[in-house]
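Please work through the exercises below with the sequence and the model side by side. Try each task before you read its solution.

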Amino acid sequence: QVFEIEVAPAGERAETVLADAWQIARWDEYGDDRRWNDGDIPVETQWLGVESLPENYENLPWYGVVVPRTYYGIDGITNGYAGGSGGKSGKPPLFDFAHRVIYRTQIDVPAEAVGRGISLDFEQFNMIASVFVNGEFVEWSKNHDAPWELDITAYIRPGETNEIAVVIKSHYYAVNRNRAKAVGESGVGLR
């Protein structure tokens, strides 16, 4: 789906809701064994947003998804969670253990939008979000569960179809492995 951006008359504001069909892909940061082994994700970067898309971005397996929603409900499971829920299907949902994913969509921005501001308004996200427009990094935030408005005007090409990609790193990245090792089986260290 390509969203049509509305341009309001001068002095007014228009809003285009980007809730509907997007695409989603897994972008795991660790090996195929689906476990986070020591040293796989450097502690100094685990709480940071990502500032570049993967080299194989276009070749990732992309799936249709209706947003807003959590990616844990994809693949026919509506109550799945990261951790191998299995749900009603008896198999792990496609996105269980996917702790970093990319959502993407396209927007048509009319040529008359030249000189007008364009922002993305997130009601909330979980845990760390990074935004890219037309493949260029814009900004990231880890103020999860809070509203976030992001000016993307400088990255938009009026008169063209533009792509928006949002990388989400889940709560998995909040685990402090050093603390988890210290408390052992009795608890998990969260940052």
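The exercises that follow deal with nonpolar cores, salt bridges and one arginine.

This is a predicted model, in which local features need pLDDT of at least 70 and side-chain atom pairs count only at pLDDT 80 or more, while totals for chains, interfaces and linings use all residues. Residues are numbered from 1 along each chain as its sequence is written, and side-chain values use heavy atoms, with hydrogens and water left out.

**Exercise 1. The nonpolar core**

Task: find which residues touch the most other members of the largest nonpolar core, and which elements give two or more residues to this core.

Solution. Begin with the term: a nonpolar core is a set of buried Ala, Val, Leu, Ile, Met, Phe, Trp, Tyr and Cys residues joined through side-chain atoms within 4.5 Å, where buried means under 20% relative accessible area, exposed over 50% and partly exposed in between, with a 1.4 Å probe and protein chains only. The largest such core has 29 residues, and those that touch the most other members are Trp22, Val131, Ile152 and Ile164. Next, the elements that give two or more residues to this core are β2 (21-26), β4 (100-109), β5 (119-122), β6 (128-133), β8 (148-151) and β9 (160-169); strands here are DSSP runs (E, at least two residues) and helices likewise (H or I, at least four), numbered from the N terminus. Of these elements, β4 gives the most, with four residues. Lastly, another core of eleven residues lies apart from this one, and its members include Val50, Leu53, Tyr57 and Ile102.

**Exercise 2. A salt bridge between distant parts of the sequence**

Task: state how many salt bridges the structure holds, and explain what the pair of glutamate 149 and arginine 13 ties together.

Solution. A salt bridge is a side-chain nitrogen of Lys or Arg within 4 Å of a carboxyl oxygen of Asp or Glu, and the structure holds three of them. In one, the side chains of arginine 13 and glutamate 149 meet, at 3.6 Å from N to O. Because glutamate 149 belongs to strand β8 and arginine 13 to the loop between β1 (2-4) and β2, this pair ties together parts that are 136 residues apart in sequence. Glutamate 149 is partly exposed, at a relative accessible area of 48%, whereas arginine 13 is exposed, at 71%.

**Exercise 3. The partners of arginine 104**

Task: is arginine 104 buried or exposed, and which residues are linked with it in a network of salt bridges?

Solution. Arginine 104 has a relative accessible area of 9% and is therefore buried. The side chain of arginine 104 meets that of glutamate 58 in a salt bridge of 3.5 Å, N to O. Since arginine 104 lies in strand β4 and glutamate 58 in the loop between α1 (43-46) and β3 (63-66), the pair ties together parts that are 46 residues apart in sequence. Glutamate 58 counts as exposed, at 55% relative accessibility. Arginine 104 also forms a salt bridge with glutamate 163, with the closest N and O atoms 3.9 Å apart; glutamate 163 lies in strand β9, so here the parts tied together are 59 residues apart in sequence. Glutamate 163 is buried, with a relative accessible area of 17%. Putting the steps together, Glu58, Arg104 and Glu163 are linked in a network of salt bridges.
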